[in-house]
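Grab a pencil and work through these exercises with the structure open beside you. Try each task before you read its solution.

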Amino acid sequence: MNANALQFRRATDAKAFDLRHRAIVGKNTATYHAAVARGLARFADWETARRRAAAIKWEVMNHLDRYLEEFERNVIARGGHVHWAETGAEASELVVSLARQHGVRKVVKAKSMVTEEIHLNPALESAGVTVLETDLGEYICQLRGEPPYHIVTPVMHLNREQIARTFNEKFGTPLDATAEQLAGIAREKLRREFLSADMGISGANFAVANPGMIGLCTNEGNGRLTTALPRLHVAIVGIEKLVPRLEDLALFWPLLATRGTGQFLTVYNTLIGGSENFHVILLDNGRTKLLADVEQRDALHCIRCGACLNACPVYRTVGGHSYGTTYQGPLGSMITPHLRGWEDWSHLPYASSLCGKCADVCPAHIPIHHHLLHNRRNSVQRHCDAPLQRFAFRIWRWAMQSPGCYALGGKLARLGMWLGIAKPLARLWTERRDLPDPPRQAFRDWWRSNERA
Ligand code: SF4
């Protein structure tokens, strides 16, 4: 078992039995689901809307080269600059070199998962640049020294008391501060930082090929302050974020807001075009490898709404930090092995019951659970599974293909349980769970006797 798989196993083992964590996440996802139900009711035909979104994304992915060049041409024509980065390290180096060229000492950042993906903050900090997260959730993560727990709601795992304790430790604010007071404190501190920052960094929810603009959605207005107040704006954009036309946002913005947070529209929807202080870094970082995989290419249709995480019983039980990845839950298990390598991440697709709820809720109509199954097959074909696991599945397959072996196995298991030797053998499973008593009669025996009767 590789180090990441071992870390995942240890973290999930601890988190799955943390009842406090489960209660907080359960409460927060229940609020989310109620809001989404209200949001969905505003759509005349949700199913058609998401099929249309999938068709638009399909068109983009099949002509991505053309749309990227169109986007680049239009940004440059509007006065902006476009850079291309093949890897996360290249993208970080580009940002650091822009910071050096422009004498940047302080950076404010709007929420951006792609900057988490490329580990931008440590790169900037080691170049002597101060980085401040300005999304409230990300700001709390930064204060706590934690990565985001969820791609849309970074502190979904915390309640008000825990956040108040963090603020108390950092700023000496009262432990009984209300949510409004906590937000007010963050607002007051961040306003000063916006005014003194030299560079604003954002991602993009969408990159519109024609007329070459990026679309940003935030609920706190920090996206506009980040991109408008500092003298330089750098947007780091995954190449899958393209949509062809401005009017496509009339579909994608409500889809993202409804499945992301249950709002019909996010509060601030901003379009940013070119100016000479606007730099876009178009990032590959493994995306073209996924694009080359015709079977799984539609995983690039993802608009990062986070709905599949909220729907997933495994994610809600083991929590976002257990995955050890930037993108968690079904989304992360679908794309991480492609983006970061099969050797280290092939264990993730197994963290699923394959119930298909993720695919049901996906606004981009991605058959996520099928891709998880594809990933399991790919990891076996690449010999990434553990030898013991491979051996166990061979035995299982052999037994399942032979009715006699299957019956004998059932009999031996029942006998072992009656004699009390199966439970110690199954100790890893029964340590924290009950092993049900075996039925007195196997179904096949019951069937045989009833068929005769
Ligand atoms: S895979 Fe679908 S549901 Fe999951 S984050 Fe992406 S768009 Fe949302």
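**Exercise 1. Work out how much space lies in the second largest pocket, and what lines it.**

Step 1: The second largest pocket holds about 1300 Å³ of space. A pocket here is an open set of points on a 1 Å grid over the protein atoms alone, where a 1.4 Å probe fits, with protein on both sides within 12 Å along at least five of seven lines. Its volume is the space filled by probe spheres set on the points, which are joined across faces, edges and corners.

Step 2: There are 32 lining residues (an atom within 4 Å of a point), and M1, A5, F8, R9 and T12 are the closest to the centre.

Step 3: Now look for the elements that give two or more residues to this lining: α1 (3–15), α15 (313–318), α20 (387–400) and α23 (427–430). Helices are DSSP runs of H or I with at least four residues, numbered from the N terminus. The top contributor is α1, with seven residues.

Step 4: Sort the lining by class and you get 16 nonpolar, seven polar and nine charged residues. Ala, Val, Leu, Ile, Met, Phe, Trp, Tyr, Cys and Pro count as nonpolar, Asp, Glu, Lys and Arg as charged, and the others, Gly among them, as polar.

A quick word on the source: this is a predicted model, where local features need pLDDT of at least 70, side-chain atom pairs count only at pLDDT 80 or more, and totals for chains, interfaces and linings use all residues. Residues are numbered from 1 along each chain as its sequence is written, and side-chain values use heavy atoms, with hydrogens and water left out.

**Exercise 2. Find where the ligand sits.**

Step 1: The ligand sits in the largest cavity, meaning that more than half of its atoms lie within 2 Å of the grid points. In a cavity, the 1.4 Å probe fits but cannot get out.

Step 2: That cavity has a volume of about 110 Å³. Of its 15 lining residues, C302, C305, C308, C362 and P363 are the closest to its centre.

Step 3: Around the ligand (a heavy atom within 4 Å) you'll find C302, I303, R304, C305, G306, C308, C362, P363 and I368.

**Exercise 3. Decide whether K411 is buried, partly exposed or exposed.**

Step 1: Find K411 in helix α21 (residues 403–418).

Step 2: Buried means under 20% relative accessible area, exposed over 50%, and partly exposed in between (1.4 Å probe, protein chains only).

Step 3: K411 has 45% relative accessibility, so K411 counts as partly exposed.
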